[in-house]
Every structure is written in structure tokens, then in C-alpha cells.
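Visitor: I am new to this structure and would like a close look at one part, the annotated binding site, with the surroundings explained step by step. Could you take me through it slowly?

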Amino acid sequence: MSEPLVIGVESSCDETGVAIVRGRELLANEVASSVEQHVRFGGVVPEVASRAHLQAIVPALRRATQTADVDLSEIDGVAVTAGPGLMGALVVGLSAAKAIALALNKPLYGLNHLVGHVAVDLLDHGPLPERFGALLVSGGHTSLLVVDDITSQITEVGSTIDDAAGEAYDKVSRLLGMGYPGGPVIDAAAADGDPKAIRFPRGLTSRRDLEAHRFDFSFSGLKTAVSRWVETERLAGRPVPVADVSASFQEAVVDVLTAKAMDMCTHFGLDTLVLGGGVAANSRLRGLLAERADAAGVTVRRPRPGLCTDNGAMIGALGVEVVRRGRRPSSLDIGANSGL
Ligand code: KG4
Ligand code: ZN
């Protein structure tokens, strides 16, 4: 059988993505972001995102088909994010995907955005082992997963009990006056700072917390600690050392993420760990995880940074797996599921 050819459509947040994937080959990956329109609000405004998707989706589809230079009548399926995400945003991508599936008489696959963040690594590093672990870190989610079958059997062994890691980056960036999204700017600012300058708390790592929350995360206490520290400096009239605060905050986030991910691998006997989600683009997370995984004899797989943030390729990559394994298509009346 030839490699499945799939269109991947993503519109769960502020990126409109349309990709065309054949097997492990990314033929086109068009991403239109509305992030500029959200900057002055300091976060994604759902209404603004929905309108932007509506304007961007058809041009993105057109560009993707031109770039891939494939005959759409040959595709094996239309893969689309069905959730989780912003309701109004999801509906735009889903409607477009349904229209394509209906017009071409091809199967539709409504897929989970978070699983897509893991599946995208297939495009960069090829087939995954039978069983593996995943650390999923995005703007809305932070989870540790044990994956037995990427299309049907995924167990969440831990998750954040409050803020997501990306959310913590965005909030700290806002309080330092560095804008939105915070991840990339803090990542850059931290490069010139000392990660040991300020000892910020590591959430859910005390002996007692580990008993009840071994694989869970908490970042809201860290955010509050950074906020208090900065406030104290400002009240004392001292300049805030942005690079040191960024580096110290980032170290607290990345230290816990990598330690718990490694602990999961040891506990469940996993020899491969896939990193996924927007925060997976973070340079320190990529570095420290590689270091600790190496020491633990675990193979860590990190998709290229450009594929970590939201895009259609991740949904296309997952769609290929779903087609390959002969999973049942979704009904054309499938709804969006913001809390999937
Ligand atoms: O996966 P994603 O694109 O969207 C969601 O599904 O949420 O993740 C977006 C998040 C934002 O919070 C952003 O600040 C964060 O990913 N992010 C980063 C970096 N690049 C994006 N966080 C840390 N370091 C980065 N380099
Ligand atoms: Zn995402």
C-alpha cells in the first residue's frame, strides 16, 4: 500500500494551519497566525481568533495545495482538530474540513490537538516504539502521558493542577512587561541571565506532595513567587534584573518538568520520551531534558522547534497514523469539543 496522503487542518487557538502530509513527508505546512492581533490584550481573545481563522483558512488551504502540488482527488482523508481548544476557533477549522471531505467524498477524522503535538515528531524522527512516554507542554496543558497506541490508547499519568507551563511563561512575561506570547521572549532573555540568581519554588516536589502528586505539576505558586519578588524590588526602588528573573523562573519550570518526566520513564519502564507542545520549543527545556535523559539511558525525541507550536502538520501526521491503522472515520456531523 502506498503511503497515506492526508490534509491536516488546525484552528484550536490563534494559529490557522493547513498541511499536506504523505506518510512521514511534509509536503506543505501553511500557518497563519493572529498573534499580532492579540498582543495588545496580553492574551488570545477568542472572538478575534475566530474571525482571523475565518479569513485565513481558505487562503491557507489554497497555498498548501499549490505548494504540495498534489491532486486533491488522491487524498486518503481529511484530518482536523476537534478539540480541545477555543470553541469558536475550532468550529472554523472543522467546518472547512467537513466541506473538503464532503466535496471530495473523502473520510473525515476529528482528532485530538494534544495527541497531534506528540505525533508531529513522526515527521522528524520516524516510527515510534510500541510503547513510549510523552511530556506535553503547551499554553493550555501540561501532562505526562504513557502511549501504547497513538491512535487509541494513551494514559495521562499526571497533569497540572493549576496553570499550564506555557501559561506560567505568559503570565510572568506580562508581569515583567515583556509582552505576549511570553515563552519565546523569556527564553531569549534568560540566555543572558543566571539561573541560580534567585531560588524560586519547585511546585509539587516536597516529599509530601510527591506522595499524592508524583507526576503532577503546579506552576501558580511559582508565578506568585516571581510576582512577589519583582514587587519587592520595585517597592525598594531597585531595577528589576529581567535576565536573572527570566533565567531563574525558567530553571524552576524546566527543572520540575524534566525531573518528573524522567521519573515517569523510570517508574513505567519507558526507554523513549517524546517532547511536544509550544513550550517544547524552549531551548533550556530541550537542553536539560537531553542531558537528564542521556544520564538515565532514555532516548529523547524533540520535534524541530518550528513544529512544536500549533500547526497543521501535527494533525496531518496523526491523520496518517489513523488512516494507516484503519481507524473508523468521524461522522460529518461531528461537533467541536472544547474540553476534549
Ligand atoms: O502548543 P501551543 O502553540 O498552543 C497551545 O496549544 O496552547 O503553545 C503555546 C505556548 C504559549 O504559552 C507560549 O508562550 C509557549 O507555548 N511557548 C514557549 C516557547 N515558544 C512558545 N514557551 C517557552 N519557551 C519557548 N521558546
Ligand atoms: Zn497546541
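**The binding site and its setting**

Guide: Leaving aside residues up to four places away in sequence, Val 137 touches Thr 142, Ala 165, Gly 166, Leu 257, Gly 277, Val 279 and Ala 280. Please keep in mind throughout that this is a predicted model. Val 137 belongs to strand E6, which covers residues 132-137, and it counts as buried because it has 31 C-beta neighbours inside 10 Å, where 20 or more are enough for that label.

The reason for beginning with this residue is its annotation: in an unreviewed UniProt entry, Val 137 is listed under "binding site" together with Leu 136, Ser 138, Gly 139, Gly 140, Asp 170, Gly 183, Asp 187 and Asn 282.

A second residue from that UniProt list, Asp 170, sits in helix H6, which spans residues 165-175. With 24 C-beta neighbours inside 10 Å, Asp 170 is therefore also classed as buried. Again not counting residues up to four places away in sequence, Asp 170 touches Gly 43, Gly 139, Tyr 180, Pro 181 and Gly 182, and among these partners Gly 139 is itself one of the positions in the UniProt record.

We can now turn to ligand 1, which has 19 residues around it, with Gly 139, Gly 166, Gly 183, Gly 278 and Asn 282 coming nearest. Of these, Gly 139, Gly 183 and Asn 282 appear in the "binding site" entry from UniProt, while Gly 166 is among the residues that Val 137 touches. Helix H6 and helix H7 (182-190) each supply at least two residues of the shell around the ligand, and H7 gives the most, with 4 residues. Sorted by class, this shell has 6 nonpolar, 10 polar and 3 charged residues.

To place the site in the whole protein, it helps to know that the protein is divided into domain 1 (5-120 + 311-324) and domain 2 (130-303). The centres of domain 1 and domain 2, taken over C-alpha atoms, are separated by 27 Å, and their contact takes 14 residues from domain 1 and 18 residues from domain 2. On the side of domain 1 that touches domain 2, helix H1 (35-38), helix H4 (113-119) and helix H12 (312-324) each supply at least two residues, with H4 giving the most, 5 residues. By class, that side of domain 1 has 9 nonpolar, 4 polar and 1 charged residues.

How values were computed: Residues numbered from 1 in each chain as written. Chains lettered and ligands numbered in written order. Predicted model: local features only at pLDDT ≥ 70, side-chain atom pairs only at ≥ 80, totals over all residues. UniProt positions renumbered as here; feature names shortened; annotations may be inferred. Buried ≥ 20, exposed ≤ 12 C-beta atoms within 10 Å, placed from the backbone. Contact = placed C-beta atoms within 7 Å. Near = placed C-beta within 6 Å. Nonpolar A, V, L, I, M, F, W, Y, C, P; charged D, E, K, R; others polar. Domains from an automatic or database assignment.
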